[in-house]
Amino acid sequence: MNRCWSCAEPIAANARYHPRCLEQLFGAPTVPELDLDTAQLHTLALAMVGHISISGVQKKLSVRLDGHRRTLQIAVDGARYILKPQAGTFPQLPENEWLTQRLAALIGIDVPPCALLALRDGSLAYVVRRFDRPEAGGKLAMEDFCQLAELGPGAKYDASAEQCAKLVRRYADEPLIELLKLYRQFVFAWWVGNGDMHLKNLALLRHQDGRYRLSPAYDQLNTRLVLPDDRLALPVCGKRDNLKVETLRELARRFGIGPRAAERVLREVRDALPQALERVAEAPLSAAMRETYAATLRARTPDLDEG
């Protein structure tokens, strides 16, 4: 089955994107041009270091559409998209991130519009629309959890899931709602093997109604595809590995989430396994990576069982 390189839903064999997905991402039903290859993007990314505020070790570029919405252009100011090409150190990170974001959406996590784009050299890059740049212009205030905790970027691993919950209780306008979203993200991180959900990859966003809520999920990967023994970045009830359903239930209790709400999250993730495995099987990853991803999901789904 052929799947859309944006939403991962089925699509005609001769197509790569649904027009509606392109409209949602780019505001036009066609794929914008980007006449660059991976090597050029790496050079541009290095040249932009110090000029953009996007953090992380993966090479990233700020890009924007031209006035006719036909071409993606490298930009320092006014960029509404982030573009991530292939990384030399770790293979297929763009495909990995795209698939992980699609699985997150499958279990009800809010994610921004994103897609895979083919570059001139045939390699794939990941493009995502910035959720802190509204269509009307300007910029929404966003504070990552390092900033909320008054820690420097180097301390992004110096916390726990429970400390993240304390930050949400303190700063979110509707903490009970946002804590349930945060809980779902931690359950998901364990399920897919995301060992990079640290304080810099969680944030509160000041929405246009003035309320601070958990931002859409970003920078999500199955890190075990490139680091086979990778553990969770932030401990959950003191554990970074070998989480069981009892651990996740205890986390819900520490978050102040009721048992019925927690069981609903666990059930929804567990029930998503068949669809998740379909998406993994048809993802543009190597056969070995697809096998490892599927094995992670199969192995960890029993840990979400009601017991």
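**Helix packing and cavities in a predicted model**

Author: Let us open with a helix pair: the axes of helix H6 (residues 175–192) and helix H8 (residues 259–271) come within 10 Å, crossing at roughly 35°. The model is a predicted one.

Reader: What describes two packed helices in general?

Author: The description rests on the angle between the two axes and on the distance between them. The handedness of the crossing may be added, and for H6 and H8 the crossing is right-handed.

Reader: Which residues of H6 and H8 meet?

Author: H6 brings Leu180, Tyr183, Arg184, Val187 and Trp191 to the contact. From H8 come Ala261, Ala262, Arg264, Val265, Leu266, Glu268 and Val269. Sorted by class, this contact of H6 with H8 comprises nine nonpolar residues, no polar ones and three charged ones.

Reader: How do the axes of H7 and H8 cross?

Author: The axes of helix H7 (residues 245–255) and H8 approach within 9 Å, and their crossing angle is roughly 135°. Because of that angle, H7 is oblique to H8. The cut-offs explain the label: angles over 145 degrees count as roughly antiparallel and those from 65 to 115 as roughly perpendicular, so this angle belongs with the rest. The crossing of H7 and H8 is right-handed.

Reader: What residues make that contact, and into which classes do they fall?

Author: On the H7 side they are Val245, Leu248, Arg249 and Ala252, and on the H8 side Ala262, Glu263 and Leu266. The classes are five nonpolar, no polar and two charged residues.

Reader: Is H5 roughly parallel or roughly perpendicular to H7?

Author: The axes of helix H5 (residues 161–171) and H7 come within 10 Å and cross at roughly 30°. H5 is therefore roughly parallel to H7, because angles under 35 degrees receive that label. H5 passes H7 in a right-handed crossing. Ala161, Glu162, Ala165 and Arg169 of H5 form this contact with Leu251, Arg254 and Phe255 of H7. Four of these residues are nonpolar, none is polar and three are charged.

Reader: Let us turn to internal space. How many cavities of 30 Å³ or more does a search of the whole structure find?

Author: The search finds two. The largest cavity holds about 40 Å³ of space, and the second largest holds about 30 Å³.

Reader: Which residues line the largest cavity, and how is each class represented?

Author: Its lining consists of Trp190, Gly193, Asn194, Gly195, Thr223, Arg224, Asp230, Arg231, Leu232, Arg240, Asp241 and Arg300. Two of the lining residues are nonpolar, four are polar and six are charged.

Reader: What lines the second largest cavity?

Author: Phe186, Ala189, Asn194, Met197, Leu232, Ala233 and Leu234 line the second largest cavity. This lining has six nonpolar residues, one polar residue and no charged residue. Asn194 and Leu232 appear in both linings.

Conventions:
Residues numbered from 1 in each chain as written. Predicted model: local features only at pLDDT ≥ 70, side-chain atom pairs only at ≥ 80, totals over all residues. Heavy atoms only, no water. Axes fitted to C-alpha atoms, helices over the stretch in contact; angles between N-to-C directions. Helix = DSSP H or I, 4+ residues; strand = E, 2+ residues; numbered from the N terminus. Left-handed = near helix turned anticlockwise from the far one by under 90°. Contact = heavy atoms within 4.5 Å. Nonpolar A, V, L, I, M, F, W, Y, C, P; charged D, E, K, R; others polar. 1 Å grid on protein atoms, 1.4 Å probe; cavity = no way out; pocket = protein on both sides within 12 Å on 5 of 7 lines; lining within 4 Å. Points joined across faces, edges and corners; volume = space filled by probe spheres on them.
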